[in-house]
Amino acid sequence: MRLSQLFFATLREDPVEAEMPSHRLLLRAGYVRQLGSGIYSLLPLGFRVNQRVEQVIREEMNRIGCQEMEMPVVHPADVWRRSGRYTDVGPELARFKDRGDRDMVLAMTHEEVVAGLLADLVQSYRQLPVLVYHFQTKFRDEPRSRGGLIRVREFVMKDSYSCDRDDAGLDVSYWKHHAAYTRIFERLGLHAIAVSSDVGMMGGSLAHEFMVLNPAGEDVLVLCEACGYAANRQVAVAPKPAAPDEAPLPREDVATPDTPTIADLARFLEIGEDRTAKAAFFTTGDGRLITAIVRGDFEVNETKLVNAVRAIGGIRPATVDEIKAAGMEPGYGSPIGAHDTTIVVDDLVARSPNLVAGANRVGYHARNVNAGCDYSADVTADITNARHGDPCPECAGPVVLRNGIEVGNIFKLGTKYTEAFDATYLGEDGERRPIVMGSYGIGLGRAVACVVEDHHDDKGIAWPDEVAPYAGHLVALGATKEPQVAEVADRLHGIAAAAGREILYDDRDESPGVKFKDAELLGMPWILTVSPRSLAAGGVEVTRRATATRSTVPVADVERLLAEGLPAGDLPAGELTAV
RNA sequence: CGGGGCGUAGCGCAGCCUGGCAGCGCGCGUGCUUUGGGAGCACGAGGUCGUGGGUUCGAAUCCCACCGCCCCGACCA
């Protein structure tokens, strides 16, 4: 592909709106352009990267026996009503009416469609298991897109679905996907780690997210370097320290002016935050007020809290009025004397004697508050976030907290969708049973962005061989002055093209500086420089983009390399005659 | 949805406070020179100053409304 013909443009300066390296470089190097918030066009280079990623995923999905198909983007709303998601999912599900005034949706995923197809096609246990997948555009009207391609509203996703006779079959399909995902991310050059994750309200029993460590990641991971424990903080078990062995003392109020935060309170009373109880207030989607009590030195984990109270429609922070209506005072709140609220007490607070808690009066707290005596819990559960340095739940070693970007997830769904769509089969024993499903996703654009995050330097992108849009970037210098340069470069380009292994060819009439800068920005794994100087030195200068290792290789050897395909990794020593 | 910021040439920005010819750098076009690290000279093209309304003799500039984009938060089966 001649750069003089390629539909692209590089930017000399950083676009203001781009903060993450992947966003900045993909824009600057001419891989993508933004159309609207969270909506991007893939330019030819970006499209080729997407195709390469797609091909890696396709090969690995096929390898586990997953069959490629395609399902529609636009669905009649009735399909989503049948599963209940038409009302369960919030405004991120885009809805519209067609010309016949029928309700329609833009699909976020395809569980419903798969379940409907199963009901249509599968009669007997002999037809199971089935694994299917497709690459399809998803639209999710996210409240806020961010980070370039990291969080967008429209994106292509590989989603696959396993359909099994029973839980044992699901388990096999699930771990097949786990293995396939591990191979996929390895081939893409991503160090993805599988962490256990929230199964949410889907009634699923097991879920993993594949995470790439990144400081800008939106998820917090709890990792143990000693034993390999890895979990999303949303679900990471938080082993708690021992509570002091004290007899409960009688409660007494104490004046604590201007101490609305735990830090203020601990400083005022000259006690540790671990001797306080913190109240946090939330309202569920169906209007219940939740009062969560954790020890002052811990944070409430909202996912755990949602699961503990089986909140319908999730939770949001409660308003001041809602808190006061239940007889509590924000900043000085506690469940003492509260009414019309569900009290959820963290397991550590439940066994910690004589804590300082709010007195539900501005400027006052209560000493020696004891759960079970001074108030009673509706639910007692682990509802705190694991903290940096906390003991690992598996091996008790210290855990570390890291941010991560979710590039894939695997999820045991169960029978929620197949039951809704009456997707059953007749078993060997003549019994009719619902098919057991799992669903598995990988966001392509996000994976591409993560690859750039992990494979770039201050000059630009350095694509891994498996995802590079072209293996080589041929730079011709001084071609107008020295006809032999143009002749050699044209021939090399032609040989690669004829072999079906096209390379980029910078045939533009630009200065050497511009060409080198662009080659480094675009990031093909191999940069081949032909110039009067290189020819005088004996051939073509061959540079590995990622390592900047450079050698001069005879033209004949380069011709052979291009015909056979440029190698992945460094030049094989000895195979080539470096000059 | 709450908080903050921004919208002026293809890109990056100045001008706005204090109203009075719409500018700078890069890029783009033509010509000549140049050719191993974002070249030089000359000439030139390119703008509904996000949109609508208001104030004013006069609005990029002041006021109101709206739209869009970015960041933080909320949200994210």
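Student: How many bridges pair strand 13 with strand 19 (residues 364–369), and in which sense?

Tutor: This is a predicted model. Take the open sheet of 3 strands in the order 13-19-18. In that order, strand 13 pairs with strand 19. The sense is antiparallel, and the count is 4 bridges.

Student: Which residue stands opposite Glu252?

Tutor: Glu252 is in strand 13 (252–255). Look across to strand 19. The residue opposite Glu252 is Arg367.

Student: Which are the edge strands of the sheet 13-19-18, and by how much are neighbouring strands turned on average?

Tutor: The sheet is open, with the order 13-19-18. Strand 13 and strand 18 (355–361) each pair on one side only, which marks them as the edge strands. With direction ignored, neighbouring strands are turned against each other by an average of 35°.

Student: Where does Asp258 lie, and what is its phi?

Tutor: Asp258 lies in the loop between strand 13 and helix 7 (262–269). Asp258 is not a glycine, yet its phi is positive. The value is about 55°.

Student: Which residues does the cis peptide bond join, and what is omega?

Tutor: Look in the loop between helix 5 (111–121) and strand 7 (130–139), where Pro129 lies. The cis bond joins Leu128 and Pro129. Its omega is about 5°.

Student: Why do strand 28 (504–506) and strand 31 (550–553) each have one side without a neighbour in the sheet?

Tutor: The order in this open sheet of 5 strands is 28-27-29-30-31, with mixed pairing. Strand 28 and strand 31 stand at its edges. One side of each is left without a neighbour because each has a single partner strand.

Student: What does the twist of that sheet average?

Tutor: Go from one strand to the next along 28-27-29-30-31. The average twist per step is 20°.

Student: Which residue of strand 30 stands opposite Trp526?

Tutor: Strand 29 (residues 526–530) and strand 30 (residues 540–544) run antiparallel, joined by 4 bridges. Trp526 faces a partner in strand 30. That partner is Arg544.

Student: Which strands does helix 14 lie across, and at what angle does it run to strand 27?

Tutor: Helix 14 lies across strand 27 (472–476), strand 28 and strand 29. Its angle to strand 27 is about 175°.

Student: How many residues does helix 14 give to the surface near RNA strand B?

Tutor: In total, 43 residues surround RNA strand B; among the closest are Arg12, Arg144 and Glu520. Helix 14 supplies the largest share of this surface. Its contribution is 7 residues.

Student: How does the surface near RNA strand B divide by class?

Tutor: There are 8 nonpolar residues and 13 polar residues. The charged residues number 22.

Student: Which residues make polar contacts with base atoms of RNA strand B, and what is the distance for Glu541?

Tutor: The side chain of Arg146 has an N or O atom 3.4 Å from a base nitrogen. Ser534 has a polar backbone atom 3.4 Å from a base oxygen. Glu541 uses a polar side-chain atom, and its distance from a base nitrogen is 2.8 Å.

Student: What share of the atoms of RNA strand B within 4 Å of the protein belongs to sugar or phosphate?

Tutor: Those atoms divide between sugar or phosphate on one hand and bases on the other. The sugar or phosphate share is 51%.

Student: How are helix 1 (residues 21–28) and helix 12 (residues 444–454) placed to each other?

Tutor: Their axes come within 8 Å and cross at roughly 100°. The contact includes Leu25 and Leu26 of helix 1 and Val452 of helix 12. By class it has 5 nonpolar, 1 polar and 1 charged residues. The crossing angle is why the two helices, helix 1 and helix 12, count as roughly perpendicular.

Student: How is helix 2 (residues 44–63) placed to helix 12, parallel or perpendicular?

Tutor: The axes of helix 2 and helix 12 come within 10 Å and cross at roughly 105°. That crossing makes helix 2, relative to helix 12, roughly perpendicular.

Student: Which residues of helix 12 make the contact with helix 2?

Tutor: Helix 2 brings Val49, Asn50, Val53, Glu54 and Ile57. The contact divides into 5 nonpolar, 2 polar and 1 charged. From helix 12 come Leu444, Gly445 and Val448.

Terms used: Residues numbered from 1 in each chain as written. Chains lettered and ligands numbered in written order. Predicted model: local features only at pLDDT ≥ 70, side-chain atom pairs only at ≥ 80, totals over all residues. Heavy atoms only, no water. Near = heavy atom within 4 Å. Polar contact = N/O pair within 3.5 Å; in protein donor to acceptor, adjacent residues only side chain to side chain. Nonpolar A, V, L, I, M, F, W, Y, C, P; charged D, E, K, R; others polar. Pairing = 2+ DSSP bridges. Axes fitted to C-alpha atoms, helices over the stretch in contact; angles between N-to-C directions. Contact = heavy atoms within 4.5 Å. Parallel < 35°, antiparallel > 145°, perpendicular 65-115°, else oblique.
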